[in-house]
Each structure stands twice: as structure tokens, then as C-alpha cells.
Amino acid sequence: MASVKQFQVTFDCAEPERVARFWCEVLGYVVPPPPEGFATWDDFERSRPPEQQGSAFACIDPSGVGPRLFFQRVPEGKVVKNRLHLDVRVGTGLVGDERLATLEAECARLVALGAVRVRLLLADGDNESCLVMQDIEGNEFDLD
């Protein structure tokens, strides 16, 4: 049986390009080149039927290490907590005040991009501190 070599993470959302560009800023990802035969993504979008325009967008890790993120428009809004979320690993290896300062600095950067701070989960006997946040459409993620 072959093992999986690549995967992508798919987000349901109302505004795929807006959410994708937010995550590009969070993770240092980039928008991939437009499909062959199109000079820009705008050219590609104009070639699609009106009902499909703006219905999807993606971003990729420029190093090729992280998964592709795909954003697809869905008609319904988010109504319950995510069953899956991203952990944005900014405090790996840090503990105590140094970890909290790093989390807070990254939180401030992301809030300026439109993220929402939900709550700080302080370290306990099993886990280090992390910050629960929401992206620009309310999808939860952790600064870890």
C-alpha cells in the first residue's frame, strides 16, 4: 500500500481569496502562479462562468514543506466550533514568560491582520501556554 506523500487543508468560507490572503500573511505562504495560459489570476477568474468566479483560492508554502491550503466558497456560514484547527507554532521550545511574550507579540501582529483573540490558555501540568484565536471568518486556530 502506498503512503500519502502530500495533502492539502481545505477551508469552507464565504470569501476564499480574502481568507487565503490572510493565511498567506499568517504563515508566510504565497499565492501560486495562475493556471497555464493565464497571465494573472484575474484573467483566469474572468474566463470562468459568473457563478464560479471567486469560488476558490489557494496558497502554498514557498519552501514546499507545508501543505497547500485550499479555500472554497460555501453558501452556509460557520455555526459551530471547528472539528479541526491549525496550530500556528510560534512558541516551540519556549516556556514561561519567554513563551508568553512570543505568543503575545504574534497575537498582536495577527490582530492587526483581522484575527480575533479569543482566550489565553495558561500552562498546566501537561501543556504549555497557548492562545486561542479566530481568523477573519471566525475559524478557530491556536498560537502554540
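How many of the 5 residues of β6 are buried? Keep that in mind while you load the model, which is predicted.

**Whole chain**

Start with everything shown as a cartoon. The protein chain has 3 helices and 7 strands. Along the sequence they run β-α-α-β-β-β-α-β-β-β. The C-alpha atoms fill a box of roughly 55 × 35 × 30 Å along the principal axes. Colour by burial next: 33% of the 144 residues are buried. Then turn to contacts between residues at least 6 apart in sequence: 58% of them join residues at least 24 apart.

**Strand β6 and its partners**

Select β6, residues 130-134. Here is the reply to the opening question: 4 of its 5 residues are buried, so the cut-off of under 20% relative accessible area leaves β6 mostly covered.

Add β5, residues 116-121. This strand pairs with β6 in the antiparallel sense, over 5 bridges. Now add β7, residues 140-143. β7 also pairs with β6 in the antiparallel sense, over 4 bridges.

Centre on Val-132. Arg-119 stands opposite Val-132. Asp-142, in β7, also stands opposite Val-132.

Follow the chain from β6 into β7. The hairpin has 5 residues between the strands. Stop at Gly-138, which takes a positive phi near 90°.

**Asp-142**

Stay on β7 and show Asp-142 as sticks. What is the nearest side chain of opposite charge to Asp-142? Arg-119 is, at 6.9 Å. Asp-142 is buried yet has no salt bridge; the cut-off for one is 4 Å, so that distance falls outside it. Expand the selection to its contacts beyond four places in sequence. They are His-85, Leu-86, Asp-87, Val-88, Leu-131 and Val-132.

**The nonpolar core**

Switch to the largest nonpolar core, a set of 24 residues. Select those with the most contacts inside it: Trp-23, Leu-69, Phe-71, Leu-110, Met-133, Phe-141 and Leu-143. Which elements give two or more residues to this core? They are β1 (8-13), α1 (16-27), β2 (56-59), β3 (68-73), α3 (96-112), β6 (130-134) and β7 (140-143). The largest share, 6 residues, comes from α1.

Zoom in on Phe-71. Hide the residues up to four places away in sequence. Phe-71 still touches Phe-11, Cys-13, Pro-16, Val-19, Ala-20 and Trp-23, among others. Its contacts also include Ser-55, Ala-56, Phe-57, Ala-58 and Cys-59.

**Asp-61**

Move to the loop between β2 and β3 and pick Asp-61. Asp-61 is another buried residue that has no salt bridge. The nearest side chain of opposite charge is Arg-68, 12 Å away. Show Ser-63 as well: a polar contact of 2.8 Å joins the side chains of Asp-61 and Ser-63. Beyond four places in sequence, Asp-61 is in contact with Tyr-29 and Gly-66.

**Salt bridges**

The whole structure has 9 salt bridges. Visit three of the pairs.

First, select Lys-78 and Glu-140. Their side chains meet in a salt bridge of 3.3 Å, N to O. The pair links distant parts of the chain: Lys-78 is in the loop between β3 and β4 (86-88), Glu-140 is in β7, and they are 62 residues apart. Lys-78 is partly exposed, with a relative accessible area of 37%. Glu-140 counts as buried, at 16% relative accessibility.

Next, select Arg-89 and Asp-144. The salt bridge here is 2.8 Å, N to O. This pair also links distant parts of the chain, 55 residues apart. Arg-89 is in the loop between β4 and α3, and Asp-144 is in the segment after β7. Is Arg-89 buried or exposed? Arg-89 counts as exposed, at 53% relative accessibility. Asp-144 counts as buried, at 17%. Add Arg-99 to the view: Arg-89, Arg-99 and Asp-144 are linked in a network of salt bridges.

Finish on helix α3 with Glu-106 and Arg-109. Their side chains meet in a salt bridge of 2.8 Å, N to O. The two are 3 residues apart in the helix, so about one helical turn separates them. Glu-106 counts as buried, at 14% relative accessibility. Arg-109 is partly exposed, with a relative accessible area of 33%.

Note on methods:
Residues are numbered from 1 along each chain as its sequence is written. This is a predicted model: local features need pLDDT of at least 70, side-chain atom pairs count only at pLDDT 80 or more; totals for chains, interfaces and linings use all residues. Side-chain values use heavy atoms; hydrogens and water are left out. A nonpolar core is a set of buried Ala, Val, Leu, Ile, Met, Phe, Trp, Tyr and Cys residues joined through side-chain atoms within 4.5 Å. Buried means under 20% relative accessible area, exposed over 50%, partly exposed in between (1.4 Å probe, protein chains only). Contact means heavy atoms within 4.5 Å. Lys and Arg count as positive and Asp and Glu as negative; His and the chain ends are not counted. A polar contact is a pair of N or O atoms within 3.5 Å; within protein, one must be able to donate a hydrogen and the other to accept it, and residues adjacent in sequence count only if both atoms are side-chain atoms. Two strands pair if DSSP finds at least two bridges between them.
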